[in-house]
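Q: Please take a close look at the salt bridges in this model, and then follow the chain outward to the parts that surround them. A plain account is enough.

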Amino acid sequence: MTEQNATTATATATATPRRALPPLMTLTDRAAQRLEKLYQTNHAGHLLRIAVSTKGCSGHAYDMSFVEQAGPGDEVVVDKGVTLLVDRKATLFLIGSVMDYEVKQLESGFTFSNPNEKGRCGCGESFHV
């Protein structure tokens with residue numbers, strides 16, 4: 001291959017448009033509404049950060065905290081007009097997850113429907129992939 005052909009082939013390969021990646025996470029309407037309310041009241045000026053920690057009887061657990069700004073290791077997710085952060089180390093565990101907000105008789109909170117989960121512990125606090 002000549003130098004000119006190699007340069008043309010490289011330029012063509014780099015100019016090919018990349019297909020859009022699927023969203024890292026999505027929010028249900030209930031989760032977006034609850035998060036928006038939290039951002040307007042108790043957690044004004046903060047963002048929810050989601051990580052996956054190593055704990056629990058199944059090995060991994062969702063870890064959520066409010067932070068003032070995105071860190072260098074955070075992915076920014078915007079869905080339904082609401083912004084949240086995902087720890088970059090947790091992205092492979094969370095790809096395709098849907099975050100919901102459930103209200104039950106004795107408890108309420110954010111829940112995750114995660115297609116990467118292979119199982120959960122009996123108490124439901126941790127999961128494995």
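A: **Salt bridges and their surroundings**

By the distance rule applied here, the count of salt bridges comes to six. The model is a predicted one. One of these bridges joins Arg49 to Asp74, with the closest N and O atoms 2.7 Å apart. This pair links distant parts of the chain, since Arg49 is in strand S2 and Asp74 in strand S4, 25 residues apart. Arg49 is partly exposed, at a relative accessible area of 23%, whereas Asp74 is buried, at 9%.

Arg49 also has a salt bridge with Asp87, where the closest N and O atoms are 3.6 Å apart. Asp87 lies in strand S5 and Arg49 in strand S2, so this pair ties together parts that are 38 residues apart in sequence. Asp87 is buried, with a relative accessible area of 10%. Arg49, Asp74 and Asp87 are thus linked in a network of salt bridges.

Another bridge is formed by Glu102 and Lys104, whose closest N and O atoms are 3.7 Å apart. Here both partners are partly exposed: Glu102 has a relative accessible area of 28%, and Lys104 has one of 48%.

Strand S4 holds a further acidic residue, Asp79. Asp79 counts as buried, at 17% relative accessibility. A polar atom of the Asp79 side chain lies 2.6 Å from the backbone nitrogen of Leu27. Leaving aside residues up to four places away in sequence, Asp79 touches Thr26 and Leu27.

Next comes helix H2. Its 12 residues should span 16 Å at 1.5 Å a residue, and the end C-alpha atoms are 17 Å apart, which agrees. The buried residues of H2 are Ala31, Ala32, Leu35, Leu38 and Tyr39. Seen down the helix axis, these buried residues fall within an arc of 125 degrees, so they line one face of H2. The general geometry behind such a pattern is that an α-helix has 3.6 residues a turn, so residues three or four places apart point the same way. On the face of H2 turned away from the buried side are the exposed residues Gln33 and Gln40. The cover over the buried residues of H2 includes strands S1 (25–27), S2 (47–54), S3, S5 (82–87), S6 (97–103) and S7. Strands S2 and S5 in that list are the ones that hold Arg49 and Asp87.

Aromatic pairs give another set of links, and their count comes to three. In one of them, the rings of Tyr39 and Phe66 have centres 6.5 Å apart and planes at 80 degrees; planes over 60 degrees apart count as edge-to-face, so this pair is edge-to-face. Tyr39 lies in helix H2 (residues 29–40) and Phe66 in strand S3 (residues 60–67), so the pair ties together parts 27 residues apart in sequence. Tyr39 is buried, with a relative accessible area of 13%, while Phe66 counts as partly exposed at 27%.

Tyr62 and Phe112 make another such pair, with ring centres 4.1 Å apart and planes at 20 degrees, so the pair is stacked. It also links distant parts of the chain: Tyr62 is in strand S3 and Phe112 in strand S7 (residues 108–113), 50 residues apart. Both Tyr62 and Phe112 are buried.

Key. Residues are numbered from 1 along each chain as its sequence is written. This is a predicted model: local features need pLDDT of at least 70, side-chain atom pairs count only at pLDDT 80 or more; totals for chains, interfaces and linings use all residues. Side-chain values use heavy atoms; hydrogens and water are left out. Rings of Phe, Tyr and Trp (its six-membered ring) pair if their centres lie within 6.5 Å; planes under 30 degrees apart count as stacked, over 60 as edge-to-face and the rest as tilted. Helices (H or I, at least four residues) and strands (E, at least two) are DSSP runs, numbered from the N terminus. Buried means under 20% relative accessible area, exposed over 50%, partly exposed in between (1.4 Å probe, protein chains only). A polar contact is a pair of N or O atoms within 3.5 Å; within protein, one must be able to donate a hydrogen and the other to accept it, and residues adjacent in sequence count only if both atoms are side-chain atoms. Contact means heavy atoms within 4.5 Å. The expected span of a helix is 1.5 Å times one less than its number of residues. The arc is that of the directions from the helix axis to the C-beta atoms. A salt bridge is a side-chain nitrogen of Lys or Arg within 4 Å of a carboxyl oxygen of Asp or Glu.
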